[in-house]
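Reader: I would like a close look at one part of this protein: the strands and the hairpins that link them. Please take me through that part residue by residue, and set it in the whole chain.

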Amino acid sequence: MALILAMLGTATAQAPSYQLTKTVPLGAPDHWDYIIFSPVEGRVYASHGSEVTVIDATTGQILGTLTGLVDSHGIA
C-alpha cells in the first residue's frame, strides 16, 4: 500500500514551469514540424518546409540553414 501511495505522490507532483525568454524569427517557409535542442552542442534545430535552421541556443544567432530538402520532418 505504501508503494502505491508513493507512486501516486510522484504522479501528482507539480509540472515544471516554463517561460518564453527569447524569440528568433526564422522566416519562410512557414510549414513547421519539429524543433530539437542539443545540449552538447548548445544548438537548436528547427525543421520547417524544405529546410532545417540551426540556431545558437545561447545567443539566438542563426548559424546556418540546411536547404534543398524535399520535406523536413523531424531531426535525428
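Author: Of the 76 residues of the protein chain, 21% count as buried. The model is a predicted one. The chain holds one helix and four strands. From the N terminus on, the order is α-β-β-β-β. Take the contacts between residues at least 6 apart in sequence: 24% of them join residues at least 24 apart.

Now the strands. Start with S1 and S2. S1 covers residues 32-38 and S2 covers 43-48. The two pair in the antiparallel sense, over five bridges. Within that pairing, Ile35 stands opposite Ala46 in S2. S1 and S2 form a hairpin, with four residues between them. Gly42 sits in this turn and has a positive phi of about 70°.

Glu41 belongs to the loop between S1 and S2. Is Glu41 buried or partly exposed? Its relative accessibility is 46%, so Glu41 counts as partly exposed. The side chain of Glu41 reaches the side chain of Tyr45 in a polar contact of 2.5 Å. Glu41 also has a distant partner along the chain to compare: Ala57 lies 16 residues away in sequence, and the two C-alpha atoms are separated by 8.9 Å.

Next, S2 itself. This strand is mostly covered, with five of its six residues buried. Two of its residues show the contrast. Ser47 is in S2. Its relative accessibility is 0%, and therefore Ser47 counts as buried. Set aside residues up to four places away in sequence, and Ser47 still touches His31, Trp32, Asp33, Tyr34, Val52, Ser72, Gly74 and Ile75.

Arg43 is also found in S2. At 34% relative accessibility, Arg43 counts as partly exposed. With the same sequence neighbours left out, Arg43 touches Ile36, Phe37, Ser38, Val54, Ile55, Ala57 and Leu63. In S3, the bridge partner of Arg43 is Asp56. Thr58 is 15 residues from Arg43 in sequence, yet the C-alpha to C-alpha distance is 8.1 Å.

That bridge leads on to the next pairing. S2 and S3 run antiparallel and are joined by six bridges. They too form a hairpin, here with two residues between the strands. Gly49 is in the turn, with a positive phi of about 60°.

S3 deserves its own stop, and Thr53 is the residue to follow. Thr53 lies in S3, which spans residues 51-56. Its relative accessible area is 3%, so Thr53 is buried. The cut-off for buried is under 20%. The side chain of Thr53 makes a polar contact of 2.8 Å with the side chain of His48. Leave aside neighbours within four places in sequence, and Thr53 is in contact with Leu26, Val44, Tyr45, Ala46, His48, Ile62, Gly64 and Thr65. Thr65 has a further role in this list, as the bridge partner of Thr53 in S4.

S4 covers residues 62-66. S3 and S4 run antiparallel, with four bridges between them. They form a hairpin as well, with five residues in between. Gly60 is in that turn and has a positive phi of about 80°.

One more feature touches these strands. The largest pocket has a volume of about 300 Å³. It is lined by 13 residues, and the closest to its centre are Lys22, Thr23, Val24, Val44 and Ile55. Three elements give two or more residues to this lining: S1, S2 and S3. By class, the lining has eight nonpolar, three polar and two charged residues.

To pull the strands together: S1 pairs with S2 over five bridges, S2 with S3 over six, and S3 with S4 over four. Each of these pairings is antiparallel. A glycine with positive phi sits in each hairpin turn: Gly42 between S1 and S2, Gly49 between S2 and S3, and Gly60 between S3 and S4.

Terms used:
Residues are numbered from 1 along each chain as its sequence is written. Side-chain values use heavy atoms; hydrogens and water are left out. Buried means under 20% relative accessible area, exposed over 50%, partly exposed in between (1.4 Å probe, protein chains only). A polar contact is a pair of N or O atoms within 3.5 Å; within protein, one must be able to donate a hydrogen and the other to accept it, and residues adjacent in sequence count only if both atoms are side-chain atoms. Contact means heavy atoms within 4.5 Å. Two strands pair if DSSP finds at least two bridges between them. On a 1 Å grid over the protein atoms alone, a cavity is a set of points where a 1.4 Å probe fits but cannot get out, and a pocket is an open set with protein on both sides within 12 Å along at least five of seven lines; lining residues have an atom within 4 Å of a point. Grid points are joined across faces, edges and corners, and a volume is the space filled by probe spheres set on the points. Ala, Val, Leu, Ile, Met, Phe, Trp, Tyr, Cys and Pro count as nonpolar, Asp, Glu, Lys and Arg as charged, and the others, Gly among them, as polar.
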